[in-house]
Number of protein chains: 2
Amino acid sequence: MDRRLQIYREASALILERGFAGASMSDIAVAVGLTKAGLYHFVSSKEDLLYEIMLHGMAKLEHDVIAPALAEADPATRLEVIVRRHIRNVVGADSALRNPISIVIDEPQGLSPERRREIDARKRRYMDLIRDTLTALQARGVVRPELNPTVAAFTIIGTIMWVARWRRPNGRLSLDEISDQIVGNLLSGLRGPAA
Amino acid sequence: MDRRLQIYREASALILERGFAGASMSDIAVAVGLTKAGLYHFVSSKEDLLYEIMLHGMAKLEHDVIAPALAEADPATRLEVIVRRHIRNVVGADSALRNPISIVIDEPQGLSPERRREIDARKRRYMDLIRDTLTALQARGVVRPELNPTVAAFTIIGTIMWVARWRRPNGRLSLDEISDQIVGNLLSGLRGPAA
């Protein structure tokens, strides 16, 4: 499994750098130290490899972010768990680098329509979780009544995904400081001036 | 110039869909109704085409967003001008569809290192404008003192760029409603509970 994970990681990094069409199976084989025939021992096609990466990335999102969030009964805590854990998931908890797998799941180019629909449905459940959490906070009067939960949910996801683009491993701010800032901006934005 | 703009637009749409490596000059020629030789009459290589798209996209950002923002002396108004005008720039003011050129300028894969540095420097001036505007608001006590202007500036850009991913032309919310929501969340997030 470690070998497979390494293939997913290197393939994702190449796909992010060159695009799905630009990352060849030969390039991926070289990056993981396999012959092309050796790589085909693990996966039967480049599209299958992308699909497996998506499944792995979604499973990781569900495990690292969604399950712990669902375990939180309080919607304010749940929202904070989502933001902090998703940032960590995107940036990579164990390495100083960004996690290419978590980013590739937002690059659907290259999947067949059927597989794309399947992945999109799993993503939609995550989107619904964030939106439902915002709606619950709105019902409690924590979130401004004029806030549109759909726009806010997309803003939250976009803000998190964007961290992978700009954050530098040796940047001035630690990952916790970045998360604190984002959670701070977000929560005061949701609450509004009356809170 | 109309023909050239049409080439930029169709090429950008293909690059977004297939990645830079996956969008061939033949595909681009077909999309704009030219022979491949006809396309080479306008641009000498695929990398030159990408570079011209970037220059055009940056010039448009500077014209549509940065110049009007600099004309605003009041930093709160300036920030609102930036957000509303950049959303319109990304989504496409004149069409119901997203504007692929405005999105491609955030996909630097395919540029030579030298050209990439040049484009990055122009992008950095935009980033600096947003950050300086936030710092000015902080000096006036409008923005929470604990807010980090760099993280907030990236959050603003990420939120705007993400709109291109999720907004549907026939969606429930108009572009103005989406902008109102984003400006509302943003401003109350920057101000914090004390405002």
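**Close-up 1. Contact between chain B and chain A in the predicted model.** In this predicted model, 31 residues of chain B are in contact with 31 residues of chain A. On the side of chain B that touches chain A, the elements that give two or more residues are helix H1 (2–18), helix H8 (149–166) and helix H9 (175–191) of chain B. H9(B) supplies the largest share of that side, with nine residues. Sorted by class, the residues of the side of chain B that touches chain A comprise 14 nonpolar, 13 polar and four charged.

**Close-up 2. The axis that relates chain B to chain A.** A turn of 180°, with a shift of 0.0 Å along the axis, lays chain B on chain A with an RMSD of 0.0 Å, and this is therefore the relation of a two-fold axis. Within chain B, the C-alpha nearest the axis belongs to B:Gly189 and lies 1.7 Å from it. The same surface serves both copies, since 100% of the contact residues of chain B recur in chain A.

**Close-up 3. Helices H5 and H9 of chain A.** The axes of helix H5 (residues 75–91) of chain A and helix H9 (residues 175–191) of chain A come within 10 Å and cross at roughly 140°. An angle over 145 degrees would count as roughly antiparallel, and H5(A) and H9(A) are therefore oblique to each other. The crossing in which H5(A) passes H9(A) is right-handed. From H5(A), the residues A:Glu80, A:Val83, A:Arg84, A:Ile87, A:Arg88 and A:Val91 meet A:Leu175, A:Ile178, A:Ser179, A:Ile182, A:Val183 and A:Leu186 in H9(A). Taken by class, this contact of H5(A) with H9(A) has eight nonpolar, one polar and three charged residues.

**Close-up 4. Helices H5 and H8 of chain B.** In chain B, the axes of helix H5 (residues 75–91) and H8(B) come within 8 Å and cross at roughly 35°, and H5(B) passes H8(B) in a right-handed crossing. On the H5(B) side of the contact stand B:Val83, B:His86, B:Ile87, B:Val90 and B:Val91, which meet B:Ile156, B:Ile160, B:Met161, B:Val163 and B:Ala164 in H8(B). The residues of this contact of H5(B) with H8(B) divide into nine nonpolar and one polar, with no charged residue. H8(B) is also one of the elements that give two or more residues to the side of chain B that touches chain A, the topic of the opening view.

Terms used
Residues are numbered from 1 along each chain as its sequence is written. Chains are lettered from A and ligands numbered from 1 in the order in which they are written. This is a predicted model: local features need pLDDT of at least 70, side-chain atom pairs count only at pLDDT 80 or more; totals for chains, interfaces and linings use all residues. Axes are lines fitted to C-alpha atoms, for helices over the stretch in contact, and angles run from 0 to 180 degrees between N-to-C directions. Helices (H or I, at least four residues) and strands (E, at least two) are DSSP runs, numbered from the N terminus. Angles under 35 degrees count as roughly parallel, over 145 as roughly antiparallel, 65 to 115 as roughly perpendicular and the rest as oblique. A crossing is left-handed if the near helix is turned anticlockwise from the far one by less than a right angle, and right-handed if clockwise. Two residues are in contact if their C-beta atoms, placed from the backbone, lie within 7 Å. Ala, Val, Leu, Ile, Met, Phe, Trp, Tyr, Cys and Pro count as nonpolar, Asp, Glu, Lys and Arg as charged, and the others, Gly among them, as polar. Copies are superposed by least squares on the C-alpha atoms of residues with pLDDT of at least 70 in both.
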